[in-house]
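Student: Could we go through this structure together and ask how each label is earned?

Tutor: Gladly; let's have it in front of us.

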Amino acid sequence: MLPLNFPEYTFRFKNSENKVRIFDVIRKKFVVLQPEEWVRQHVVLYLLKVKKFPESLINVEKQLTINKLKKRYDIVIFNSDGSIHLLVECKAPNVKITQSVFDQIAQYNMQLNATYLMVTNGLDHFYCKMNHSEEKYEFLRQIPDFSR
(Lines give C-alpha, C1' and ligand atoms only; values in the text may rest on other atoms or scores of the structure.)
Protein backbone atom coordinates (compact mmCIF):
# COMPACT_ATOMS: atom_id res chain seq x y z
CA MET A 1 0.00 0.00 0.00
CA LEU A 2 0.96 3.59 -0.65
CA PRO A 3 2.79 5.54 2.12
CA LEU A 4 0.49 8.17 3.61
CA ASN A 5 0.99 11.59 5.18
CA PHE A 6 0.91 10.23 8.75
CA PRO A 7 3.57 8.98 11.14
CA GLU A 8 4.72 5.44 10.39
CA TYR A 9 2.69 2.82 12.27
CA THR A 10 2.89 -0.94 12.71
CA PHE A 11 -0.22 -2.82 11.64
CA ARG A 12 -1.30 -6.43 11.93
CA PHE A 13 -2.20 -8.15 8.66
CA LYS A 14 -3.45 -11.57 7.66
CA ASN A 15 -4.44 -13.28 4.45
CA SER A 16 -7.88 -14.81 4.43
CA GLU A 17 -10.03 -15.98 1.50
CA ASN A 18 -7.42 -14.61 -0.93
CA LYS A 19 -7.75 -11.13 0.58
CA VAL A 20 -5.37 -9.14 2.74
CA ARG A 21 -6.98 -8.01 5.97
CA ILE A 22 -5.83 -5.40 8.48
CA PHE A 23 -6.63 -5.49 12.20
CA ASP A 24 -8.87 -2.65 13.40
CA VAL A 25 -8.05 -1.96 17.06
CA ILE A 26 -11.41 -0.21 17.60
CA ARG A 27 -13.66 -2.84 16.04
CA LYS A 28 -11.38 -5.61 17.39
CA LYS A 29 -11.41 -7.56 14.14
CA PHE A 30 -9.62 -7.98 10.84
CA VAL A 31 -11.23 -6.08 7.95
CA VAL A 32 -10.50 -6.26 4.22
CA LEU A 33 -7.66 -3.94 3.30
CA GLN A 34 -8.99 -1.51 0.70
CA PRO A 35 -7.37 1.88 -0.06
CA GLU A 36 -9.96 3.74 2.05
CA GLU A 37 -9.47 1.27 4.92
CA TRP A 38 -5.70 1.91 4.75
CA VAL A 39 -6.44 5.62 5.33
CA ARG A 40 -9.02 4.88 8.05
CA GLN A 41 -6.58 2.71 10.02
CA HIS A 42 -3.89 5.40 9.83
CA VAL A 43 -6.36 7.98 11.13
CA VAL A 44 -7.37 5.71 14.02
CA LEU A 45 -3.76 5.25 15.12
CA TYR A 46 -3.06 8.96 14.64
CA LEU A 47 -6.00 9.82 16.93
CA LEU A 48 -4.87 7.25 19.51
CA LYS A 49 -1.11 7.77 19.48
CA VAL A 50 -0.61 11.42 18.48
CA LYS A 51 -3.81 13.12 19.62
CA LYS A 52 -4.14 10.81 22.68
CA PHE A 53 -7.88 10.13 22.39
CA PRO A 54 -8.95 7.13 24.48
CA GLU A 55 -9.99 4.06 22.53
CA SER A 56 -13.26 3.98 24.49
CA LEU A 57 -14.42 7.28 22.92
CA ILE A 58 -13.74 6.24 19.29
CA ASN A 59 -16.34 4.66 17.02
CA VAL A 60 -15.58 3.32 13.52
CA GLU A 61 -17.93 2.68 10.58
CA LYS A 62 -21.36 2.96 12.14
CA GLN A 63 -24.63 3.42 10.34
CA LEU A 64 -26.79 6.53 10.48
CA THR A 65 -29.97 7.47 8.62
CA ILE A 66 -30.15 10.72 6.66
CA ASN A 67 -33.36 11.57 4.79
CA LYS A 68 -34.45 7.93 5.17
CA LEU A 69 -31.21 6.74 3.51
CA LYS A 70 -28.79 4.52 5.37
CA LYS A 71 -25.25 5.96 5.41
CA ARG A 72 -22.05 5.04 7.26
CA TYR A 73 -19.66 7.45 8.87
CA ASP A 74 -15.97 6.57 8.99
CA ILE A 75 -14.84 7.69 12.45
CA VAL A 76 -16.48 9.53 15.33
CA ILE A 77 -14.95 10.60 18.61
CA PHE A 78 -17.38 11.16 21.44
CA ASN A 79 -17.14 13.50 24.39
CA SER A 80 -17.66 11.87 27.78
CA ASP A 81 -21.26 13.24 27.84
CA GLY A 82 -22.09 11.33 24.62
CA SER A 83 -22.04 14.36 22.31
CA ILE A 84 -19.77 14.17 19.28
CA HIS A 85 -16.38 15.84 19.45
CA LEU A 86 -14.99 14.89 16.02
CA LEU A 87 -16.40 13.47 12.80
CA VAL A 88 -13.87 12.10 10.28
CA GLU A 89 -14.49 11.35 6.61
CA CYS A 90 -11.85 9.14 4.97
CA LYS A 91 -11.35 8.73 1.26
CA ALA A 92 -8.94 6.55 -0.70
CA PRO A 93 -5.64 8.26 -1.59
CA ASN A 94 -6.61 8.49 -5.27
CA VAL A 95 -9.82 10.42 -4.41
CA LYS A 96 -9.41 14.18 -4.55
CA ILE A 97 -10.87 16.16 -1.66
CA THR A 98 -13.50 18.23 -3.46
CA GLN A 99 -16.55 20.25 -2.50
CA SER A 100 -18.69 17.12 -2.79
CA VAL A 101 -16.61 15.45 -0.04
CA PHE A 102 -17.20 18.48 2.19
CA ASP A 103 -20.90 18.38 1.28
CA GLN A 104 -21.02 14.73 2.36
CA ILE A 105 -19.48 15.34 5.78
CA ALA A 106 -21.62 18.47 6.23
CA GLN A 107 -24.74 16.41 5.53
CA TYR A 108 -23.68 13.81 8.11
CA ASN A 109 -22.86 16.54 10.59
CA MET A 110 -26.32 18.12 10.29
CA GLN A 111 -27.49 15.04 12.17
CA LEU A 112 -24.43 14.39 14.36
CA ASN A 113 -23.50 17.97 15.42
CA ALA A 114 -19.77 17.33 15.87
CA THR A 115 -17.63 20.19 17.14
CA TYR A 116 -14.75 19.34 14.79
CA LEU A 117 -14.58 17.83 11.30
CA MET A 118 -11.65 16.13 9.60
CA VAL A 119 -11.56 15.18 5.91
CA THR A 120 -8.62 13.17 4.60
CA ASN A 121 -7.50 10.98 1.74
CA GLY A 122 -4.36 10.07 3.68
CA LEU A 123 -2.30 12.56 1.73
CA ASP A 124 -4.23 15.80 2.28
CA HIS A 125 -5.95 16.57 5.60
CA PHE A 126 -8.47 19.31 6.29
CA TYR A 127 -9.72 20.28 9.76
CA CYS A 128 -12.64 22.53 10.71
CA LYS A 129 -14.18 23.78 13.91
CA MET A 130 -17.94 24.19 13.72
CA ASN A 131 -19.88 27.15 15.04
CA HIS A 132 -23.38 25.68 15.06
CA SER A 133 -25.15 28.78 16.39
CA GLU A 134 -23.85 30.92 13.51
CA GLU A 135 -23.89 28.01 11.00
CA LYS A 136 -20.24 28.66 10.11
CA TYR A 137 -16.99 26.77 10.25
CA GLU A 138 -13.38 27.79 10.59
CA PHE A 139 -10.50 25.90 9.00
CA LEU A 140 -7.75 24.88 11.42
CA ARG A 141 -4.16 23.73 11.02
CA GLN A 142 -4.82 20.78 13.36
CA ILE A 143 -7.49 19.38 15.60
CA PRO A 144 -6.77 19.84 19.31
CA ASP A 145 -5.27 17.00 21.34
CA PHE A 146 -7.53 15.13 23.74
CA SER A 147 -8.15 16.88 27.02
CA ARG A 148 -10.26 15.62 29.89
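Tutor: A good place to start is Lys14, whose bridge partner in β2 is Arg21. This is a predicted model, where local features need pLDDT of at least 70, side-chain atom pairs count only at pLDDT 80 or more, and totals for chains, interfaces and linings use all residues. Residues are numbered from 1 along each chain as its sequence is written, and side-chain values use heavy atoms, leaving out hydrogens and water.

Student: What makes β1 and β2 (residues 19–24) a pair?

Tutor: Strands are DSSP runs of E, at least two residues long, numbered from the N terminus. Two of them pair if DSSP finds at least two bridges between them. β1 and β2 have four bridges, in the antiparallel sense, so they count as paired.

Student: Why is one side of β1 and of β3 left without a neighbour in the sheet?

Tutor: The open, antiparallel sheet has three strands in the order β1-β2-β3. β1 (13–16) and β3 (29–32) stand at its edges with a single partner strand each, so one side of each has no neighbour there.

Student: What lines the largest pocket?

Tutor: Its lining holds eight nonpolar, five polar and three charged residues. Ala, Val, Leu, Ile, Met, Phe, Trp, Tyr, Cys and Pro count as nonpolar, Asp, Glu, Lys and Arg as charged, and the others, Gly among them, as polar.

Student: Which element gives the most to that lining?

Tutor: α2 does, with six residues. Two or more residues come from each of α2 (99–112), β8 (125–131) and β9 (136–140). A helix here is a DSSP run of H or I of at least four residues. A pocket is an open set of points on a 1 Å grid over the protein atoms alone, where a 1.4 Å probe fits, with protein on both sides within 12 Å along at least five of seven lines; lining residues have an atom within 4 Å of a point.
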